[in-house]
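Work through the exercises below with the model open. Try each task before reading its solution.

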Amino acid sequence: MYDTVIIGTGLYGIQAARYYLDIHLDSRLLLLESDDVVGGTWSSKRIYEDFWTQTPVRMAEFSDRPMTPPPEQYYGFFPGKYTTAYLESYVDDHTYSGQTIRDRISFNSYVESITKIQAADTADGANWEITYNGNQKVRTAKLIDATGMTSQPQIPTLPGSSDFKGRTLHHKSFGQS
C-alpha cells in the first residue's frame, strides 16, 4: 500500500514527485513508468540529434534547480539532449528519507487498469488499485496521472494514406528511427 502513486516520469511526473516529497518527506511514493528511462517527450529514447526545445532555457528548468545554460543556443532555444540530461540527473540528485526519486520509480511498468475502490472495501485507506504488467497490482490512497498527451500515439487515417509509400512515424518513435 502506497500513500501516492504517480503514473509517468516526464516533466510533470517528476515535478509532482518532488513537490509531494518536499511536503511529505517520509511518504510511500511510487512512480510507474512504462519505459526504461525517465523524461517522457524528453527521454533519451524519444529525442534525436536535431531535436530542439521550443522553450527558452530559463523556462525549461524546475524552480528548485536551475539548468546550466547549454553551450548550443539559438535565441535561448537549445538541443533537447540538455533537457534529457537535466531530468536524468534531477531524479538522481533529489533524495528524501534515504531514497532518490529514481529509487522510487518502477521502470517497464505498463499500467493496464485503474480501479476506484469503494470505502467499504478497504481497511488500509486505499482508494485506488492499479494493475500493471499483466498481473501486478498496487494499492494507493492518492493517484496522479502524469502520462502526458503524447504517451499513446494517435495516428489519423488521412485520405490517400494507403497510396503513401514512405514511412509514417509518431514523434514518440523519432529517436528510435
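**Exercise 1: charges over rings**

The charged end of Lys116 sits over the ring of Trp128, 4.8 Å from its centre. The criterion is NZ of Lys or CZ of Arg within 6 Å of the ring centre and within 35 degrees of the ring normal. This is a predicted model: local features need pLDDT of at least 70, side-chain atom pairs count only at pLDDT 80 or more, and totals for chains, interfaces and linings use all residues. Residues are numbered from 1 along each chain as its sequence is written, and side-chain values use heavy atoms, with hydrogens and water left out.

Task: find the ring that the charged end of Arg18 sits over.

Solution. Start at the charged end of Arg18. The ring beneath belongs to Tyr19, with its centre 4.2 Å away.

**Exercise 2: the sheet**

Task: give the strand order of the open sheet, then name its edge strands.

Solution. Step one: list the strands, taken as DSSP E runs of at least two residues and numbered from the N terminus. Step two: join strands that share at least two DSSP bridges. The 6 strands run 5-2-1-8-7-6, with mixed pairing. Step three: look for pairing on one side only, which gives strand 5 (105-106) and strand 6 (111-116). Strand 6 pairs with strand 7 (residues 128-132) in the antiparallel sense, over 5 bridges. Within strand 7, Glu129 is the bridge partner of Thr115.

**Exercise 3: the nonpolar core**

Task: which helix supplies the largest share of the largest nonpolar core?

Solution. Collect buried residues (under 20% relative accessible area, 1.4 Å probe, protein chains only). Keep Ala, Val, Leu, Ile, Met, Phe, Trp, Tyr and Cys, joined through side-chain atoms within 4.5 Å. The largest core has 25 residues; Ile6, Ile14, Leu29, Leu31 and Ile101 have the most contacts inside it. Helix 1 (11-23), strand 2 (29-32) and helix 2 (81-93) each supply at least two residues. Helix 1 gives the largest share, 5 residues. A separate core of 8 residues includes Ile7, Leu30, Val111 and Val138.

**Exercise 4: aromatic pairs**

Task: classify the pairs Trp42 with Phe51 and Phe62 with Tyr86.

Solution. Rings of Phe, Tyr and Trp (six-membered ring) pair with centres within 6.5 Å; planes under 30 degrees apart are stacked, over 60 edge-to-face, the rest tilted. The count is 5 pairs. Trp42 and Phe51 have centres 5.2 Å apart and planes at 55°, so this pair is tilted. Phe62 and Tyr86 are also tilted, at 5.8 Å and 50°. Phe62 lies in the loop between strand 2 and helix 2, and Tyr86 in helix 2, so the pair ties together parts 24 residues apart in sequence. Ring pairs link Phe62, Tyr86 and Tyr90 into a cluster.

Technical notes. Buried < 20%, exposed > 50% of the residue type's maximum accessible area, 1.4 Å probe, protein only. Helix = DSSP H or I, 4+ residues; strand = E, 2+ residues; numbered from the N terminus.
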